[in-house]
Amino acid sequence: MATSLLRIPPPQGLLRPLAVPERLLLGPGPSNVPPRILAAGGRQLLGHMHAEVLQVMDEIKAGIQYAFQTQNQLTLAISGSGHCAMEAALLNLLESGDTALVAVNGIWGQRAAEIARRLGAHVHELLKPPGEYFTLRDIEEVSAGCGMGQRAQPDPGGCHIPLCFMQGLSRHKPSVLFITHGESSTGVLQPLEGLGELCHRHGCLLLVDAVASLGGAPIFMDQQEIDVLYSGSQKVLNAPPGSAPISFSKQAREKMLRRKTKPSSFYLDLGWLANYWGCDGEPRRYHHTAPVNSFFSLREGLAMLAETGLESSWERHRANCARLCQGLCDLGLELFVKEEVARLPTVTTVRVPEGYDWKDITAFLMDNHAIEIAGGLGPSVGKVLRIGLMGCNSTCGNVDRVLRALQDALGHCRRRSR
């Protein structure tokens, strides 16, 4: 009788077996998941408060401390992607009326500024053209004595602000500086040496996005005096997206404790999360139903990084990036980031060659070689192709494979356009 009331039939697509193609993911993430991590994520589910799961969480915390090179007690994994960790960092650090300085040279600075504004912070942006990085002088105070020929740079709202008129820490006196270590939309690796000390000299906390760089480029949270650092599971760690390592310094934790208002999100409240992750010395209490199998996968990704060793991982990514860059130049392509030292080892950007449509190139690689590379994102849309070599995907074989595929694509697209 009840079935006669149904008006929506079962979807035909769900009555067919799941079909997922095999592809080599050489975009800016996610990266392919190796069998060991796939197996971990496929284990039988346990309760999120079971002792065995809490043990896995403790091991994840230790793995993050190793990957970040930190002894911070408040270290854990957010139940969400790297973007979720960005939100968690900002909404726990900032209250309405706080001042934030955001270094913008790609989409992630733009996103951070947008989130900070939604939190009611007074946001000031330091702008650099896509493909460039910030110096300590840029961050502290940019001289106003430059010539009239200084090129103006557009901000996300369309205004043009000469870099020479921008001033940073000295003028705005922010409580937080946000900067991206690995800007995956442009392929820039931001130097961090001296930046933490500079921020602290101005009474400012340093917040760093390392989603695209962790494990692929050196970063030393404690030594570089970084106050908040976060990353994601789906890049060099080769785990599925859905969990995001994050860590807070003692100074950052103290700022959170001095808040006049509670964080606007209960789900991302670091006070509750710290307790659930055993970071406050108190008995653990239920906060949310954690993605247990995602934690299994993240644990194995961190374990594989620990077994490889950070220095070995950094060197492998550096060497394969150099091999890729040389191969791209040999194909007659132009690298987007001019300075070799500023190239992100995990995501290489190359200018779309004149006369080509980037969509044709990426579609050809997908359709004919089962390889994913990506076009630009944010300020680099239409300007670049992005090739990712992350974690287990960063191999000489994959470099050679994508170069051969690109050569084939360029020849095919050229013939088709004539």
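Is T348 buried or exposed, and what is its relative accessible area? Let's start there and then move outward to the domains, keeping in mind that this is a predicted model.

## T348 in strand β13

T348 is buried, with a relative accessible area of 5%. That value falls under the 20% limit for a buried residue. The residue belongs to strand β13, which covers residues 347-351.

If you display its surroundings, leaving out residues up to four places away in sequence, you will find T348 touching C321, L324, C325 and L328. The same environment also includes L335, L385, R386 and I387.

## N92 and its polar contacts

Helix α3 (residues 82-93) holds N92, another buried residue, at a relative accessible area of 2%. Its side chain has two backbone partners worth picking out in the viewer. A polar atom of the N92 side chain lies 2.8 Å from the backbone oxygen of L268, and the side chain also reaches the backbone nitrogen of L270 at 3.0 Å.

Beyond its neighbours within four places in sequence, N92 is in contact with L268, D269 and L270, and also with M256, R259 and P263.

## Aromatic rings

A pair of aromatic rings is described by the distance of the centres and the angle of the planes. The structure contains three aromatic pairs. One of them joins F220 and W314 in an edge-to-face arrangement, with 5.4 Å from centre to centre and 75° between the planes. F220 sits in the loop between β10 (205-209) and β11 (228-230), while W314 is part of helix α11 (residues 310-330), so this pair ties together parts that are 94 residues apart in sequence.

What is the exposure of each partner? F220 is partly exposed at 24% relative accessible area, whereas W314 counts as buried at 11%.

A ring of another kind of interest is that of W272: R285 lies over its face, at 5.4 Å from the ring centre.

## Two domains and their interface

According to the domain assignment, domain 1 is made of 24-32 + 310-412 and domain 2 of 35-143 + 162-308. Their C-alpha centres lie 26 Å apart. Across the boundary, 31 residues of domain 1 are in contact with 34 residues of domain 2.

The size of an interface is often given as the accessible area lost when the parts come together. Here the area buried between domain 1 and domain 2 is about 2,500 Å², with carbon and sulfur atoms giving 63% of it. On the domain 1 side, L310, W314 and L344 supply 28% of the area buried against domain 2, more than any other three residues. W314 thus appears both here and in the aromatic pair with F220.

How values were computed:
Residues numbered from 1 in each chain as written. Predicted model: local features only at pLDDT ≥ 70, side-chain atom pairs only at ≥ 80, totals over all residues. Heavy atoms only, no water. Phe/Tyr/Trp six-rings, centres within 6.5 Å; stacked < 30°, edge-to-face > 60°. Helix = DSSP H or I, 4+ residues; strand = E, 2+ residues; numbered from the N terminus. Buried < 20%, exposed > 50% of the residue type's maximum accessible area, 1.4 Å probe, protein only. Lys NZ or Arg CZ within 6 Å of the ring centre and 35° of its normal. Contact = heavy atoms within 4.5 Å. Polar contact = N/O pair within 3.5 Å; in protein donor to acceptor, adjacent residues only side chain to side chain. Domains from an automatic or database assignment. Buried area = accessible area lost by both parts, 1.4 Å probe.
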